[in-house]
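Grab a pencil and your viewer. Here are a couple of exercises to work through.

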Amino acid sequence: MPEPELMEQVVNLCKRRGFVFPSAEIYGGFRSTYDYGPLGILMLRNVKEAWWRAMVQCRDDVVGLDAAILSAPRIWEASGHLANFTDPLVDCRKCNERFREDQLEDPTTCPNCAAKDSFTEARQFNLMFKTFVGPVEDDANVAYLRPETAQGMFVNFANVLNTSRKKPPFGIAQMGKSFRNEITPGNFVFRTREFEQMEMEFFVPPAEGAQWFEYWCDARMRWYTDLGMPADKLRLRHHDAEELSHYSAGTADVEFMYPWGWGELEGIANRTDFDLKAHAAASGEKLEYFDQASGERYVPYVIEPAAGATRTMMAFLIAAYTEDEVGGEARTVLRLHHRLAPFKAAVLPLSKKDTLTPTAREVLSLLQPHWMVDYDETQSIGRRYRRQDEIGTPFCITVDFETLEDRAVTIRDRDSLDQVRVPIDALVDELRTRLSG
Ligand code: ATP
């Protein structure tokens, strides 16, 4: 499929099937904000759950955190965001459109109205959303909506160290909303002003920084391919010396082949001891580790894998979108890994006859405590299969008239289209086996 068409199909599918809606649509939409619908919220939760499973649950050296979104100006002063978290903003004097100067293909020509040399001088525009806490809107009451989750981990470093009995190398992981007043949001949910991040700060002895950076680059690439992302749509791009932030001893981006070209999915950086030292200096608190065994005191280096949950969900949708043919008929299939699919199974009585409904509902109730399961009894079975294929449901469970005799149902596999008959009593075990891994 031509690539611009692919993006259009994915956006259409998201709207039509309830993954992602433009926000405030009944009022004409609201500036590149989006709402996650019944299927989108399931998939977004699955993306975050898969990340949490890999980063926290399956390890003994990473713990979780959920820090406040409304945050103190002193955090952002110390982190450097107040001074430096800016993008260069230019206006076209002819059409008044605004652009990020560093994203212009041709800095002499307006991409909107084609005017030549119409741009104003670039102004540094701070991307943080500012608000006021309490009723008085003055400088003493300023707060910021966090533009990243990372700082929550740095300012809680000592709290976590003292309460979790962890010692370097160990990490703190957090998922949640971040806000950036992006100059040019766009490409659907690739760049929005409100989005979700999944970030982990991994604190290590300074001498081990380079080695852990490599480790996390490998581990993070593997996370995407383990969840079914085709390896040829993914690459790790190391920043060269000019692109590196001043505090970074190494940065690499996990990039995905979006329909418009390669772009960032996740950034992995060796942030050295920059953040802990900055917060220690600004707060006067000691943010360091004392190793009793060696008698050594040091400020750990930090390796940070920082991913976007909403951007990642979109990348998985793009990678999974397929059109093929079954029995001469076109079908759309989301070939999502079962961990990411909104529903793991759908229970479909062969016809909407009263005789089948009680057994079909019984099967539904049997599965619901274990997984998100859809139930659909309207229209022909072929159309219902296609509806489930289109939203990526790995297994359809069909209840037919024979079920009433033999207490068995048919499991249909989304990808191979194989159908096997399984006793209702064995269904949970059978699905558990198929949905493991
Ligand atoms: P970009 O260069 O695309 O602006 P960034 O390098 O500033 O991104 P980071 O600060 O490293 O991004 O944030 C980590 C991750 O958070 C990104 O890789 C991306 O997945 C996600 N992210 C950042 N900004 C946005 C946004 N405006 N909308 C959606 N996701 C975002």
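Below are two exercises, each with a worked solution.

Before you start: this is a predicted model, in which local features need pLDDT of at least 70, side-chain atom pairs count only at pLDDT 80 or more, and totals for chains, interfaces and linings use all residues. Residues are numbered from 1 along each chain as its sequence is written.

**Exercise 1.** Work out the strand order of the open sheet with five strands, and find its edges.

*Solution.*
- Start with the elements: helices (H or I, at least four residues) and strands (E, at least two) are DSSP runs, numbered from the N terminus.
- Two strands pair if DSSP finds at least two bridges between them.
- Strands E20 (residues 345-349) and E21 run parallel and are joined by three bridges; in one of the pairings, Val347 has Tyr375 in E21 as its bridge partner.
- The full order reads E21-E20-E22-E23-E24, with mixed pairing.
- E21 (373-375) and E24 (419-423) are the edges: each has a single partner strand, so one side of each is left without a neighbour in the sheet.

**Exercise 2.** Describe the shell around the ligand by residue, element and class.

*Solution.*
- Count first: 16 residues surround the ligand (C-beta atom, placed from the backbone, within 6 Å of it).
- The closest are Phe195, Gly267, Ala306, Gly308 and Arg311.
- Now the elements: strands E11 (194-204), E14 (261-270) and E17 (301-308) and helix H9 (309-320) each give two or more residues.
- E14 has the largest share, with four residues.
- Finally, sort by class: four are nonpolar (Ala, Val, Leu, Ile, Met, Phe, Trp, Tyr, Cys and Pro), seven charged (Asp, Glu, Lys and Arg) and five polar (the others, Gly among them).

Methods:
Near = placed C-beta within 6 Å.
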